[in-house]
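Please take a careful look at the model below, and then follow the text from its empty spaces to its packed interior.

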Amino acid sequence: MRFLALIGGVLIQLVVGGVYAWSLFGRALQAPEAMALGAVEATVPFEVAIGMIFIGTSIGGRLQDRSSPRVVALIGSAVYAGGLILASFARSADDFWLLVLGYGVIGGFGLGMAYIVPVALLQKWFPAKRALVTGIAVGGFGFGATLTSPVAQALLADNPTSPAAAFLPLGVGYLVLGVVGSLLMFAPPVTASGSAEAAGDLSVREALRTPQWYLLTAVLVVAVASGISLISMMATASVEVAGFDVAAAATIVGALALFNGAGRIAWAAVAQRVGPLPVLAVILALEGISLIALPHATGIGFVALAAVVYLCYGGAFGTLPAAAGAFFGMSHAGAIYGLMLVGWSLAGVVGPLVATWLVGPERNYLLGFTAMGVLAVLGVILPVTLRKNLRGTPSPVRAV
């Protein structure tokens, strides 16, 4: 039964992970023959979707802890797909609000609800392999763009004057796959040992009173803000910095999504052996150094550095859920980690906006990528501070 739940969780994550293919749509929407949106404007639906994730995860996390994870996953998948279908009716710049409402507000909320279910549920099914199993599950999220990118590129090529029309077949396909995955979301039976372990778990209110919750959330903010600043403009940067053509850029976006997914699994496997805190420190350091070097590279060197950023960005998502579960316990894992994902939403909105603003119409990628890289390098102090806090401060939180 637990392996069926794992399959269902990966399937759900593959569906909602298609959001990371947005840079293809953002570039298409800027074309003069389409909506002719500005560079900043074209990132707004994506940023709103990422911003809404926190609301979806916080509500979905509480609901799945109290009721049926299957029902929450079904609702989240349906809302996500419905938002994309609504966005598909945008045909001109006057319909921009449909993209923001459908893809951003509705789609982002449904994404959050669906995302949190396997992240919390699978840790309960595999308590001895929390880091690895959550890494595998959210690895599907990273791979989602790999599956979506070639399909989206083909749909955009068929109708270049109405890029948003591609969301209709994508939304329908996501709905079917999301329903199948949701039906496999079974809650594990409660055992006597599980009940005893739950006695030491923290409630949501107790977790929010610990410094560990805020430090872990801050790690997420830094890792996401740095990585997503590249992800949100990857298709454009591949052309303007690395020198690839548009078709090659689309291929690169899809290929790099493999590293996003692989990073979630690989770093989680390492964290399973050495603990999450050293892994998070290394992730932030590598992500920052690669971003700083990125504007100085072209061709395959640019792609290699971007792959490291994607690996580290995904690795943060693969490592943090298990860290939170180890700190706070599993009884309220959905609600506690769901609230922690406010860091994802905050960074997902601010990161691309700041990076796009820094790059500006002058296309100053040196300034944009360097600033975000320095942020990640400085963020290394967060997991170090967290480790010192655990050593020096009595707390009900269990050691990792």
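**Cavities and core**

The lining of the second largest cavity comprises eight nonpolar, two polar and no charged residues, where Ala, Val, Leu, Ile, Met, Phe, Trp, Tyr, Cys and Pro count as nonpolar, Asp, Glu, Lys and Arg as charged, and the others, Gly among them, as polar. This is a predicted model, in which local features need pLDDT of at least 70 and side-chain atom pairs count only at pLDDT 80 or more, while totals for chains, interfaces and linings use all residues. Residues are numbered from 1 along each chain as its sequence is written, and side-chain values use heavy atoms, with hydrogens and water left out.

A cavity is a set of points on a 1 Å grid over the protein atoms alone where a 1.4 Å probe fits but cannot get out, and its lining residues have an atom within 4 Å of a point. The second largest cavity has a volume of about 30 Å³, a volume being the space filled by probe spheres set on the grid points, which are joined across faces, edges and corners. Helix H7 (167–182) gives the largest share of its lining, three residues; helices here are DSSP runs (H or I, at least four residues), numbered from the N terminus.

Phe-167 is one of the residues lining this cavity, and Phe-167 is also among the four that touch the most other members of the largest nonpolar core, which has 117 residues. Such a core is a set of buried (under 20% relative accessible area, 1.4 Å probe, protein chains only) Ala, Val, Leu, Ile, Met, Phe, Trp, Tyr and Cys residues joined through side-chain atoms within 4.5 Å. Helix H5 (residues 96–125) gives the most to this core, with 15 residues.

Conventions:
Buried < 20%, exposed > 50% of the residue type's maximum accessible area, 1.4 Å probe, protein only. Helix = DSSP H or I, 4+ residues; strand = E, 2+ residues; numbered from the N terminus. 1 Å grid on protein atoms, 1.4 Å probe; cavity = no way out; pocket = protein on both sides within 12 Å on 5 of 7 lines; lining within 4 Å.
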